[in-house]
Amino acid sequence: MIHGRVLLLNGSTWEPLDVISIPRAINLVLSGKAIVVEESGRFLRTVHDRFPVPSVIALRYYVNVPRRQAKWSRKGVLMRDNYTCIYCGVRPGDTSRGRVVSKRDFTVDHIIPKSRGGVDGWTNTACACYSCNHRKGNRLPSEAGMKLRWEPKTPRTNYLVIKIGSGPEAWKKYIEF
Ligand SMILES: [Zn+2]
């Protein structure tokens with residue numbers, strides 16, 4: 001038994017569909033329903049054979065799946081924004097004021113503050129460092145003289161946000177938020 005997860009892409013569009021187990025992924029490949037897009041570099045050994053363990057696979061045919069609705073969450077926002085401050089761009093690993101920034105140094109900022117009618121939603125929230133969040137306070141970015149470095153969007157593959165979390169590096173190019 002080999003542990004790990006495999007990113008399943010749709011046929012032709014290569015949109016992420018799901019995160020599945022390795023045995024299920026190998027079954028899809030061996031039965032001809034999917035092709036291997038990225039290998040994990042690991043091998044599954046059987047008595048007679050060794051089979052490269054996939055990291056990303058794609059269905060051979062396009063399946064029509066209804067786009068699942070985004071479920072907003074604070075953690076989802078931080079992941080979507082890759083723990084990068086929307087105002088100053090600081091990210092984990094950077095050095096700020098003599099110390100190394102970690103994921104704990106970020107919070108979810110409401111672009112339109114909740115006290116002024118802003119909602120908990122993908123397009124009204126973004127990752128911000130505590131100092132920018134504090135500096136902005138109860139104001140709109142324009143009032144605080146702060147610029148958004150990007151426009152917060154509803155993740156295209158929203159339902160995967162939480163599941164993927166810190167997925168392998170090889171998955172990143174297939175996942176657009
Ligand atoms: Zn900041």
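## The E3–E4 pair

Ala34 has Leu59 of E4 as its bridge partner. That bridge belongs to the pairing of E3 with E4, two strands that run antiparallel and are joined by eight bridges. A hairpin of four residues makes the connection from E3 to E4. One thing to keep in mind while looking at all this: the model is predicted.

## The sheet around it

Zoom out a little and the pair turns out to be part of an open sheet of four strands, ordered E2-E1-E4-E3, with mixed pairing. E2 and E3 are the edge strands, each pairing on one side only. On average, neighbouring strands here are turned by 30° against each other, direction ignored.

What makes the pairing mixed? E1 and E4 run parallel, with three bridges between them, while E1 and E2 pair in the antiparallel sense over five bridges. E3 and E4 are antiparallel too. Leu8 is a handy residue for tracing the order of the strands: Leu8 stands opposite Ile57 in E4, and in E2 the bridge partner of Leu8 is Asp18.

## Helix H1 on the sheet

Now for the helix. H1 lies across E1, E2, E3 and E4, and runs at about 80° to E4. Which residues of H1, spanning 22-30, are buried? They are Ala25, Ile26 and Leu28. Seen down the axis of H1, these buried residues fall within an arc of 160°, so they line one face of the helix. Their packing partners are strands E1 (5-9), E2 (16-21), E3 (34-45) and E4 (50-59).

Over on the other side of H1, Pro23 and Leu30 are exposed. Just after the helix comes Gly32, with a positive phi of about 80°.

## Two positive phi values outside glycine

Glycine isn't alone in taking a positive phi. Ser12, in the loop between E1 and E2, has a phi near 60°. Is Ser12 buried or exposed? It has 12 other C-beta atoms within 10 Å, and exposed means 12 or fewer, so Ser12 is exposed.

Tyr83 is the other case to look at, with phi near 50°. This residue sits in the loop between helix H2 (74-80) and strand E5 (95-96). Tyr83 has 19 C-beta neighbours inside 10 Å; buried would take 20 or more, so Tyr83 counts as partly exposed.

## Lys114 and its loop

Further along, the loop between strand E7 (106-110) and strand E8 (125-129) holds Lys114. Lys114 counts as exposed because it has 12 C-beta neighbours inside 10 Å. Where does the chain come back towards this loop? One place to check is Asn138: the C-alpha atoms of Lys114 and Asn138 are separated by 8.5 Å, with their positions 24 residues apart along the chain.

## The whole chain

Finally, the overall picture. The chain has five helices and eight strands, and from the N terminus on the elements run β-β-α-β-β-α-β-β-β-β-α-α-α. The sheet and helix described above use strands E1 to E4 together with H1.

How many of the 177 residues count as buried? The share is 23%. As for contacts between residues at least 6 apart in sequence, 56% of them join residues at least 24 apart.

Technical notes. Residues numbered from 1 in each chain as written. Predicted model: local features only at pLDDT ≥ 70, side-chain atom pairs only at ≥ 80, totals over all residues. Contact = placed C-beta atoms within 7 Å. Arc of directions from axis to C-beta. Pairing = 2+ DSSP bridges. Axes fitted to C-alpha atoms, helices over the stretch in contact; angles between N-to-C directions.
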